[in-house]
Each structure stands twice: as C-alpha cells, then as structure tokens.
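These are my notebook entries on one protein chain. I began with its surface and then turned to its fold and the confidence of the prediction.

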Amino acid sequence: MSLQDDLTAVRRNLDELTRKVEQLEQQAKRQKPATPSASPDQSRMVTIPDTPYDNALWTDTDDEGLGARDRRAP
C-alpha cells in the first residue's frame with residue numbers, strides 16, 4: 001500500500017467518523033432533556049460525627065487484605 005492509499009483511507013475514515021459524530025449530536029438534540037435531580041431526602045440523611053470512634057469497635061477485626069492485627073502480612 002502506498003502513502004497516497006494510506007492518506008486516502010485515513011481521509012475516508014475521518015469523514016465517516018465526522019458523519020457519525022454529527023449523527024450522534026443530532027440524536028442527542030432530539031432526546032428529551034434530563035430532568036434535574038431532586039434534592040436529597042433529608043429524612044434519609046445520616047450525620048457522621050467528627051469525633052473519633054471508640055477503639056473497642058475494632059476489637060477482633062481483620063485489616064482488609066492484611067489479615068488479623070496480631071499477625072504479620074505476607
């Protein structure tokens with residue numbers, strides 16, 4: 001394949017890509033616009049305190065991916 005053939009193929013592919021993008025843009029314009037999302041339901045919101053958690057909560061827990069606290073990781 002010659003350089004001229006390569007350039008012709010690239011131009012053809014670029015033209016096809018341009019046509020496809022234009023089609024997508026037209027389809028997007030025809031789509032019904034998305035409705036703005038409603039504000040979050042305040043009754044389902046949970047406040048997380050800034051105070052540190054009680055260390056007793058973590059007794060007998062494993063560090064994810066590291067195993068038990070009293071053993072060394074592999």
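Entry 1, surface. I looked up the accessible area and found that the protein chain exposes about 7800 Å². Carbon and sulfur atoms supply 53% of that area. I note here that the model is a predicted one.

Entry 2, burial. I then checked how much of the chain is buried: of its 74 residues, buried ones make up 3%.

Entry 3, a nonpolar patch. I searched the surface for nonpolar side chains and recorded a patch of about 590 Å². Val46, Ile48, Tyr53, Leu57 and Trp58 make this patch. I chose Val46 for a further look and placed it in the loop between helix H1 (3–30) and strand E1 (62–63). Is Val46 buried or exposed? I entered it as exposed, because its relative accessible area is 70% and the cut-off for exposed is over 50%.

Entry 4, fold. I listed the secondary structure as one helix and two strands. Following the sequence, I read the order as α-β-β.

Entry 5, confidence. I looked up the pLDDT and found an average of 82 for the protein chain, with 78% of the residues scoring at least 70. Among the elements, H1 has the highest mean, 94, and strand E2 (residues 67–68) the lowest, 60. I add a general caution: where pLDDT is low, predicted coordinates should not be read in detail.

How values were computed: Residues are numbered from 1 along each chain as its sequence is written. This is a predicted model: local features need pLDDT of at least 70, side-chain atom pairs count only at pLDDT 80 or more; totals for chains, interfaces and linings use all residues. Side-chain values use heavy atoms; hydrogens and water are left out. Helices (H or I, at least four residues) and strands (E, at least two) are DSSP runs, numbered from the N terminus. Buried means under 20% relative accessible area, exposed over 50%, partly exposed in between (1.4 Å probe, protein chains only). Accessible areas come from the Shrake-Rupley method with a 1.4 Å probe; for residues, only the protein chains shown count as cover. Patches are made of residues with over 30% relative accessible area and no salt bridge: like charges are joined within 9 Å, nonpolar side chains (Val, Leu, Ile, Met, Phe, Trp, Tyr) within 5 Å. A salt bridge is a side-chain nitrogen of Lys or Arg within 4 Å of a carboxyl oxygen of Asp or Glu. pLDDT is the predictor's confidence in each residue, from 0 to 100.
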